[in-house]
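Please find below a short note prepared for a colleague who is new to reading protein structures. It is best read with the model open alongside.

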Amino acid sequence: MRLRADVRRACYAWLGVSVLAITLGAAPGRSQSTEPMLVAVLDLETEDASAADDAASREALIGIGKAATDALRNAFRLGAGGAYTLVDERAIAAALSDEGSAFPDCSQPDCARAIGRALGAQRVIAGTVTKISTIIWFVTIRAIDVESGQVAGEVPIELKGDISELLPKGMAALARWINRMPAGEIARGSSHLTRDQVLERLAAAGGEGAVDFSGLNLAGLDLSGLSLREADLSRADLTGADLSGADLFGANLTGASLAAANLRRTTFDVSVLRDANLAGADLAGASLYATILERADLTEAVLTDARIIGVLIDAKLTRATLEGANLGADPGNQPMGLMRTDLTGADLTGADLVGANLAKVDLTRANLTGADLTRADLSYADLRGAILRSVRGLDAVHGLETAKNLDQAILNR
């Protein structure tokens, strides 16, 4: 599906629903002439990856999450056209109370499926609203098939601007778009494309709109230097592919495999790599600005001299090489508001962080056991609960005297 740029900017979660609405029209083997599908829209989870850390900011984020959820449900009601029925919000709240306590995050399929089963729903809509800065937000919306537990559709959307002003505009645009959507499942291919076929698809798009490569096999292809801006590469297989110097600005790489890929000097700015596999990938000199890498696997990845400002919550960076990498917040070069790298709960066991800039990075509960921090800059980094056992080069770290919550770190020299 291709959207005009003005519509895409105007609605983020709501446009995500319009794409996901395709997946709600008919389940495999289910006739469209049967009764409406029962759909449960869960409250959207919220994450704050900005530098804000005060009660007012946290309260405001909760309010945005609630407003996004309300608009999401209203969009489904307005665009349903008789194809599906929404589960009552009170029933969802009761099911969350009974079933959700067993799961850490109900934006994920396991929890969503348990809630759906308790409600007798056929599809569950869940997602996450992430604040990058005061004017940059990400929302990921996913539709989970309750019977199979599989993600039937997933859309990450980036929003730039005043979110409160865009709410009514996005609501109206989404309602109109859903009413024009045909029913049916999103087709997911698995055939292996050639480089020429990739180029043909890009040429056919004419540089307008996101090209859909979702779920396709692109393993080992030479895609170096190509513009794949805003492409949908979710769950695509790019294992061992050469994407060096490629432009993946705003691309959706959720759940994609880029293991052992050549990603040197590749641009991933404003892209989503949530749950992506980048184990052993070479990202030397890559740009990952305002990038979502939550739960991404970067085991033994090379990120030498990479520029990273993004969300790496629970990311796996075991034995990764980040020598000279710049993860530090730069307040003098952030006209869109202060952003910082969030490594909360990340695994950096044995990582090479020699000379890395970690200024103002959130390392809450991060595991840096055996990491090499020689000449790393930890100025104003948050070390609450960080594990710093057997760290090398700690005596040569810069800015440790200004680090936040050092007294709460698990530290031995």
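The points below move from the whole protein to individual helices, a disulfide, a loop residue and the empty spaces.

1. Overall make-up. The model is a predicted one. The protein has 413 residues, and 55% of them are buried. Its secondary structure consists of seven helices and 10 strands. Among contacts with a separation of 6 or more, 41% join residues that are 24 or more positions apart.

2. Helix α7. This helix covers residues 195-205, and its buried residues are Val198, Leu202 and Ala205. Viewed down the axis of α7, these buried residues fall within an arc of 60°, so they line one face of the helix. The other side of α7 carries the exposed residues Asp196, Glu200, Ala203 and Ala204. Gly206 follows α7 and has a positive phi, near 60°.

3. Helix α5. In this helix, which runs over residues 109-119, the buried residues are Pro109, Cys111, Ala112, Ala114, Ile115, Gly116 and Leu119. Gly120, just after α5, has a positive phi of about 75°.

4. The disulfide. How many disulfides does a search of the whole structure find? The search finds one, formed by Cys106 and Cys111, whose sulfur atoms are 1.7 Å apart. The link between Cys106 and Cys111 is right-handed, with 45° about the S-S bond. Are the two partners buried or exposed? Buried means under 20% relative accessible area. Cys106 counts as buried because its relative accessibility is 9%, and Cys111 counts as buried because its value is 0%.

5. Val302. This residue is found in the loop between β7 (287-292) and β8 (307-311). Val302 counts as partly exposed because its relative accessibility is 27%. Val302 and Gly280 are 22 residues apart in sequence, while their C-alpha atoms are 7.0 Å apart in space. When neighbours within four places in sequence are left aside, Val302 is in contact with Ala281, Asp282, Leu283, Ala284 and Thr321.

6. The second largest pocket. Its volume is about 470 Å³. The elements giving two or more residues to the lining of this pocket are β2 (45-48) and α3 (55-79). There are 20 lining residues, and those nearest the centre of the pocket are Glu47, Asp48, Arg58, Asp342 and Asp362. By class, 12 lining residues are charged, four are polar and four are nonpolar.

7. The largest cavity. Rolling a probe the size of a water molecule over the atoms shows where empty space is left. A search of the whole structure finds two cavities of 30 Å³ or more. The largest cavity holds about 50 Å³ of space. Which residues line the largest cavity? They are Leu298, Leu303, Ile308, Leu312, Leu317, Leu322, Leu327, Leu343, Leu348 and Leu353. By class, this lining has 10 nonpolar residues, with no polar and no charged ones.

8. The second largest cavity. This cavity has a volume of about 30 Å³. The residues that line it are Ala49, Ile132, Ala290, Ile309, Gly310, Val311, Met339 and Arg340. With three residues, β8 gives the most to this lining. By class, the lining of the second largest cavity has six nonpolar residues, one polar and one charged.

Methods. Residues numbered from 1 in each chain as written. Predicted model: local features only at pLDDT ≥ 70, side-chain atom pairs only at ≥ 80, totals over all residues. Heavy atoms only, no water. Buried < 20%, exposed > 50% of the residue type's maximum accessible area, 1.4 Å probe, protein only. Helix = DSSP H or I, 4+ residues; strand = E, 2+ residues; numbered from the N terminus. Arc of directions from axis to C-beta. Disulfide = S-S within 2.5 Å. 1 Å grid on protein atoms, 1.4 Å probe; cavity = no way out; pocket = protein on both sides within 12 Å on 5 of 7 lines; lining within 4 Å. Points joined across faces, edges and corners; volume = space filled by probe spheres on them. Nonpolar A, V, L, I, M, F, W, Y, C, P; charged D, E, K, R; others polar. Contact = heavy atoms within 4.5 Å.
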